[in-house]
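Here is a short round of questions on one protein model. Keep the structure open as you read.

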Amino acid sequence: MDNIRIEGGSTLSGRVAISGAKNAALPILAAAILGDGESTIRNVPDLRDIGTMARLLRHLGLDVSRRDDHHVLDIVARPVAHDDAPYELVKQMRASVLVLGPLVARYGRARVSLPGGCAIGARPIDQHLKGLEAMGAKIELEHGYVIASTSGPLRGAEVVFDVPTVTGTENLMMAAALARGRTTLVNAAREPEVEELGRVLNKMGGHVEGAGTDTVIIEGREGLHPVDHAIIPDRIEAGTFAVAAAATGGDVLLAGISIEPIEAIAHKLRRAGVEVRSEEGGVRVRGHRPIRPTNLTTEPHPGFPTDMQAQLMVLMCLAEGTSVITETIFENRFMHVAELQRMGATIEVRGRSAIVRGPCVLNGAPVMATDLRASASLVIAGLVARGTTDVLRVYHIDRGYERIEEKLAALGAAVRRVPGAA
Ligand code: EPZ
C-alpha cells in the first residue's frame with residue numbers, strides 16, 4: 001500500500017485544474033443503465049471509485065471502456081447479464097447502491113448487497129428502500145442482500161424522506177424516470193450533484209423538475225435514450241485545495257470551477273480571514289495571517305458540507321483562538337482528530353462537537369485515516385507541519401482525489417508518493 005511523504009513548510013502557489021466531480025460521476029454512470037445504447041460520459045475523474053463502478057457495470061453486463069487517459073467513458077447498456085451487485089464490489093464502495101434504482105426500474109429486478117457500515121457510520125439505506133416500495137417494488141432482505149422486484153413497471157408515488165439523503169434522492173430519481181406516472185420526492189437532497197443528475201436524465205429524454213431543490217418531480221417515460229455528457233467540476237476537491245492554499249499562506253487559482261458550488265466553503269474561509277474570490281477561469285484563494293477561529297456545523301446542502309469538515313479542522317488548528325466544529329451528518333466522522341492530536345493539535349471531542357484550541361504547532365508524524373476526506377486533511381496537516389509526515393494507506397485518498405501528490409507538487413509542495421511495503 002502506497003504512502004504519501006510530505007516535508008512541511010512549503011507555501012502553495014500557482015494554478016490547479018479541478019477534476020470532474022466524483023459524486024456526480026457515480027450516479028451518472030449508474031444512470032447509463034437506463035439508456036438503451038451507448039452513452040459517453042466526459043470529464044470523469046480518474047479515481048479508484050470510478051474504477052469500482054466501471055467494474056460493477058461490467059459485472060451487470062454493460063460494456064464499459066475508458067479513453068483519453070480514463071477521463072472519457074463509453075458505456076453500452078444491453079439486456080442485463082446479471083442483476084446482482086455482489087458484496088465484494090459493494091463493500092469497496094457504498095455508492096454501488098446507486099445501481100439498485102436503475103436495475104429494478106429497467107429490468108424489474110435487482111439484487112444488491114447491503115452496503116454495510118463504513119468507517120464514518122452505519123450508512124443505512126432505509127430511505128432508498130422505503131421509496132422503492134412506495135413505487136410498487138417488492139423488497140426482500142436475505143443473506144445481506146436486498147432484492148427489489150416488480151412484476152410490471154414501477155408506478156409514480158409521493159415519497160417524503162425522513163432525512164435528506166443524496167444517494168437516496170438519486171436512486172429514486174433514476175427509478176422514477178421509467179415509472180408509470182408522476183413521482184414527487186419531498187425533503188430531497190439539494191446537492192449540486194443531484195441537480196446534475198436531473199440534467200442528465202432530462203438529456204436522456206426524461207422529465208425531471210426541481211432537481212437541486214427539496215422537492216423533485218419526475219414524470220416517468222417508457223424508455224430513455226443514451227447520453228453524451230461532461231461532468232461538473234468537483235466542489236470538494238476544490239474546497240480541499242482551497243484549505244491547503246489557506247493553511248500554507250499561499251496564493252492558488254482553482255481552475256475550472258465557479259464560486260457558486262463552493263459558496264458555503266468560501267463563506268467559512270472568509271470568516272477565517274482567507275481571501276476567496278472569482279476571477280477569469282476559476283476561483284482565487286489567498287491565505288493570510290492571522291487565521292481567525294471560526295465555528296462550523298455541517299449540514300445538508302446548501303449548508304457547510306460534511307465532506308469538508310476534516311479539512312477545515314486543520315485550518316482551525318492554525319487559528320488564533322478556539323473554534324467549535326460540529327458534525328451533524330455522520331456519527332463517526334472525527335477519526336482525523338486522534339491523528340491530528342498525535343501531530344500536536346489541541347482538540348477535545350465532546351459528543352458531536354470538536355473544540356479546537358489554536359494556534360497549534362503541528363509536528364510531522366506517520367499518520368493514517370480510513371475516511372477519504374480525513375486522509376486528505378492529514379495531507380494538509382503535513383503541508384504545514386514541522387518535518388516529515390507519512391500519510392499511510394493512501395488508497396483511501398485515491399478513492400476521491402486524482403493524483404493529489406502531483407497536483408500539490410506542481411503548486412510547490414514537497415510531497416511524493418512512496419510505494420508501500422504491501
Ligand atoms: C453522499 O453519501 C456522498 N457520497 C458522501 O460523500 C457525502 O458525505 C454524503 O452524501 C453527505 O453529503 C456520494 O454521493 C457517492 P446520505 P450518501 O445518504 O448518499 C442518513 C465522499 O466523501 N441516511 O446523504 O451515502 C445517513 O446515515 C462521500 O465522497 C439514512 O438514515 O449520504 C446520514 O446520516 C462520503 N437512511 C445522512 O442520512 C438512508 O436511507 C446523510 O446520508 C440514507 C441516509
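Q: Which residues in α6 do Leu-100, Gly-101, Pro-102 and Ala-105 in α4 meet?
A: This is a predicted model. Helix α4 covers residues 100-107, and helix α6 covers residues 166-176. By class, their contact has 5 nonpolar, 2 polar and no charged residues. On the α6 side, the residues met are Asn-171, Met-174 and Ala-175.

Q: Are α4 and α6 roughly parallel or roughly antiparallel?
A: Two packed helices are described by the angle between their axes and the distance between the axes. Here the axes come within 7 Å and cross at roughly 15 degrees. Angles under 35 degrees count as roughly parallel. So α4 and α6 are roughly parallel.

Q: Is the crossing of α4 and α6 left-handed or right-handed?
A: The angle alone, roughly 15 degrees, was given above. The hand of the α4 and α6 crossing is right-handed.

Q: Which helix gives the most residues to the largest nonpolar core?
A: This core has 75 residues. Leu-57, Val-99, Met-173 and Leu-201 touch the most other members. The top helix gives 7 residues, and it is α1.

Q: Is α1 largely enclosed by the rest of the structure, or largely open?
A: Buried means under 20% relative accessible area. The buried residues of α1 include Leu-26, Ile-28 and Leu-29. In total, 9 of the 10 residues of α1 are buried, so this helix is largely enclosed.

Q: Which residues does Leu-57 touch, not counting those up to four places away in sequence?
A: Leu-57 is one of the core members that touch the most others. Its partners are Leu-29, Ile-33, Leu-62, Val-64, Ile-75 and Val-99.

Definitions and conventions. Residues are numbered from 1 along each chain as its sequence is written. This is a predicted model: local features need pLDDT of at least 70, side-chain atom pairs count only at pLDDT 80 or more; totals for chains, interfaces and linings use all residues. Side-chain values use heavy atoms; hydrogens and water are left out. A nonpolar core is a set of buried Ala, Val, Leu, Ile, Met, Phe, Trp, Tyr and Cys residues joined through side-chain atoms within 4.5 Å. Buried means under 20% relative accessible area, exposed over 50%, partly exposed in between (1.4 Å probe, protein chains only). Helices (H or I, at least four residues) and strands (E, at least two) are DSSP runs, numbered from the N terminus. Contact means heavy atoms within 4.5 Å. Axes are lines fitted to C-alpha atoms, for helices over the stretch in contact, and angles run from 0 to 180 degrees between N-to-C directions. Angles under 35 degrees count as roughly parallel, over 145 as roughly antiparallel, 65 to 115 as roughly perpendicular and the rest as oblique. A crossing is left-handed if the near helix is turned anticlockwise from the far one by less than a right angle, and right-handed if clockwise. Ala, Val, Leu, Ile, Met, Phe, Trp, Tyr, Cys and Pro count as nonpolar, Asp, Glu, Lys and Arg as charged, and the others, Gly among them, as polar.
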